[in-house]
Amino acid sequence: MKKSHLMFIVMLLSISLIVACGTTDEGTNEGTNDQTGEAEEGGVVTYGFGQSFAGVLDWAHYDGQDDSLALKIFNGDALVRNGDDLMPEPHLASWDISEDGYTITFYLEEGVMWHNGEEFTSEDVAFAWEVMTHPEYTGPRWSNVRIIEGAQERRSGEAEELTGVNIIDPYTIEVTVKHHETGEPLPNAIDLLWTYPMPKAHLGHLDIDEIEDADEVRRNPVGLGAYKVDNIVPGEQITFSAFEDYWRGAPNLDGVVYRIVDGSMAADLLINGEIDIYELPASQAVTVQHDDRIYLEEKEGLSYSYIGFKLGHWDGEKNVMDNPKFADVRVRQAFAYAIDREGMLNSFSEGYGTVINAAESILSWAYPDESSLNQYEFDPTRAAELLDEAGYVDSNNDGWRDTPDGEEFTVNFMAMNSNEISEPRATFIVQNLQDVGINARLQDGQLYDFNLFYDLVEEDHPDIDLFMGAWGLSADPDPTGLWREDDLWNYPRWVNEESERLIEQGLSLEAFDIDYRRDVYQQWHQLVNEELPLIPLNSPVRVYGIASDVQGVTPDVSDALTDPHLWYRTN
């Protein structure tokens, strides 16, 4: 499972709307998207986003949706992409898998050019894997390459070469993959393997630990996409111009602008023509649904939002579950009953989305049978009962519950500031907890910027008790990457032997049978639902506002940046 904090989302914003295929409802401006005005030659389209971007413009190193949106504009092509059914299909390459399931042979598209004039070859694919298995690699995607034969030895410094990679010729490359612990073939090898190439001619001269902060990534990145980077104003704006040699055909537009804007003003900016595409908060979407200057596109998200407990810390190699504050599962379950998730969805997201009880998107084929899960419906009385059972009572008559030892029990809740609903929603959650006697409060009495928020969460800042986040997911439901003991992105820092066992079973030889694999993930979700390292909130519906004269925009499960070379303006 990959993250795209892509909020997303990769961690996605304040996280109420995140990502894949839905229908337009009665309130949207259905007719506008069907207009057939003549296409203008060229033009520029501005894609807006509500949080400043970090500027790590390399797939192997980026950390959030803020950068992934920019990456998709100028470098969104991988060897493999997912089709409408979320199954892998050829893109920059086709492939064969050996009969024993261990070796994948990729056959690359020929004549594909990088923006610096170099041709894309097998060297660029191998280079990405070599970088990500190097001991000095600083990025977060080790789980996507550790399945390559020899990756563990290279990362530990025991070997210099990545033995599982064999370049046959400039357009053919073999990679041997296996389960990193059992050595068995993997049922989801194509989904799990990292398939974004890196431009070796552009980055190969750098030391591995220099790449993330190098000018070649942050100021002068090179991609394979339909638009190339012209200028970067750090954290504020990136301008792109058409790359006429794009391998799928020259783009219709002259260029694209990726612009950071005040999210609370997004609808007005769309109406006034200052931006052309924006993922709108539901509260803004309903105010413009009948305005003929824009049209709305809705997509269910391959993502979910959640409230996470901080159960421990990351020691540099693995998660350590050593925080006693939420060690009692009854306390975690009480928090779930105390929070009105349905009320949150209706009040702050206009009902766009589905309340969930599993850490998964409802779009996934592995989403569990909800009837088998604890529903944690809003029930303050049940929350109070569980807290009482756990010994969290008001021992000094100050109006707040204390720990079983009679110590003050305070809870800092950390949330992001992404739009106008962020603060009232966070206040709503805090009030829900206070209503059952929990002395909850916003951390430092404020909301946090996107990048600072995730920096503090990832660093396990000692003041964080609860945090609100969201994950954009990969098409394959393997929880690896987010939930293993050695996963950095396991932000709750949950460690559970049964979870580890089930995740392993989901990648076993038996798991080549999809029914078996589905049953394993059913069991895993039941475990998470009972142990509750986080409180699932909703599987969202994303709403995109698009200028009425901008066509060819096709939102997918992650964002509205599918095939930007097909965008065009009408007159």
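# A guided walk through a predicted model

In helix H1, the buried residues are Gln65, Asp66, Asp67, Ser68, Leu69, Ala70, Leu71, Lys72, Ile73, Phe74 and Asn75. That makes 11 of the 11 residues of this helix, which spans residues 65–75, so H1 is largely enclosed by the rest of the structure. Before we go on, please keep in mind that this is a predicted model.

One residue of H1 leads us to our next stop. Lys72 is touched by Pro564, which also touches Tyr227, when residues up to four places away in sequence are not counted. To find Pro564, look in the loop between strand S21 (550–551) and strand S22 (568–569). Is Pro564 buried or exposed? Its relative accessible area is 8%, so Pro564 is buried. You can also use this proline to relate two stretches of the chain: Pro564 and Trp247 are 317 residues apart along the chain, and their C-alpha atoms are separated by 13 Å.

Strand S22, at one end of that loop, holds Arg569. This arginine has a relative accessibility of 11%, and therefore counts as buried. Which side chains does Arg569 join through polar contacts? One partner is Asp276, whose side chain is joined to that of Arg569 by a polar contact of 2.6 Å. Another is Asp549, where the polar contact between the side chains is 2.9 Å.

A further buried residue with a polar side-chain partner is Asn188. You will find Asn188 in the loop between strand S7 (172–176) and helix H4 (189–192). With a relative accessibility of 2%, Asn188 is under the 20% limit, and so it counts as buried. The side chain of Asn188 makes a polar contact of 2.9 Å with the side chain of Asp476. If we leave aside neighbours within four places in sequence, the residues in contact with Asn188 are Asp476, Asp478, Leu507 and Arg517.

Now let us turn to some helices that pack against each other. Two packed helices are described by the angle between their axes and the distance between the axes. Start with helix H9, residues 329–338, which is mostly covered, with 8 of its 10 residues buried. Those buried residues are Val331, Arg332, Gln333, Ala334, Phe335, Ala336, Tyr337 and Ala338. At the N-terminal end of H9, Asp328 acts as a cap: one of its side-chain oxygens lies 2.9 Å from the backbone nitrogen of Arg330.

The packing partner of H9 here is helix H11 (residues 380–389); the two axes are 8 Å apart and the angle between them is about 165 degrees. An angle over 145 degrees counts as roughly antiparallel, and H9 is therefore roughly antiparallel to H11. The crossing of H9 past H11 is left-handed. On the H9 side, Arg330, Val331, Gln333, Ala334, Tyr337 and Ala338 make the contact, while H11 contributes Pro380, Arg382, Ala383, Leu386, Leu387 and Glu389. Sorted by type, the residues of this contact between H9 and H11 are 8 nonpolar, 1 polar and 3 charged.

A second pair is formed by helix H10 (residues 341–348) and helix H12 (residues 422–434), whose axes come within 11 Å and cross at roughly 160 degrees. What does that angle say about their directions? H10 and H12 are roughly antiparallel to each other, because their crossing angle is also over the 145-degree limit. H10 passes H12 in a right-handed crossing. Gly343, Met344 and Phe348 of H10 meet Pro424, Arg425, Phe428 and Ile429 of H12. This contact of H10 with H12 divides into 5 nonpolar residues, 1 polar and 1 charged.

Our last stops concern the backbone. Most residues other than glycine have a negative phi. Asn397 is not a glycine, yet has a positive phi of about 55 degrees. Its place is the loop between H11 and strand S17 (410–414). With a relative accessible area of 72%, Asn397 is exposed. Leu532, likewise not a glycine, also has a positive phi of about 55 degrees. Leu532 lies in the loop between helix H15 (514–531) and strand S20 (534–547). Is Leu532 buried or exposed? Its relative accessibility is 2%, so Leu532 counts as buried, whereas Asn397 is exposed.

Definitions and conventions:
Residues are numbered from 1 along each chain as its sequence is written. This is a predicted model: local features need pLDDT of at least 70, side-chain atom pairs count only at pLDDT 80 or more; totals for chains, interfaces and linings use all residues. Side-chain values use heavy atoms; hydrogens and water are left out. Axes are lines fitted to C-alpha atoms, for helices over the stretch in contact, and angles run from 0 to 180 degrees between N-to-C directions. Helices (H or I, at least four residues) and strands (E, at least two) are DSSP runs, numbered from the N terminus. Angles under 35 degrees count as roughly parallel, over 145 as roughly antiparallel, 65 to 115 as roughly perpendicular and the rest as oblique. A crossing is left-handed if the near helix is turned anticlockwise from the far one by less than a right angle, and right-handed if clockwise. Contact means heavy atoms within 4.5 Å. Ala, Val, Leu, Ile, Met, Phe, Trp, Tyr, Cys and Pro count as nonpolar, Asp, Glu, Lys and Arg as charged, and the others, Gly among them, as polar. Buried means under 20% relative accessible area, exposed over 50%, partly exposed in between (1.4 Å probe, protein chains only). A polar contact is a pair of N or O atoms within 3.5 Å; within protein, one must be able to donate a hydrogen and the other to accept it, and residues adjacent in sequence count only if both atoms are side-chain atoms.
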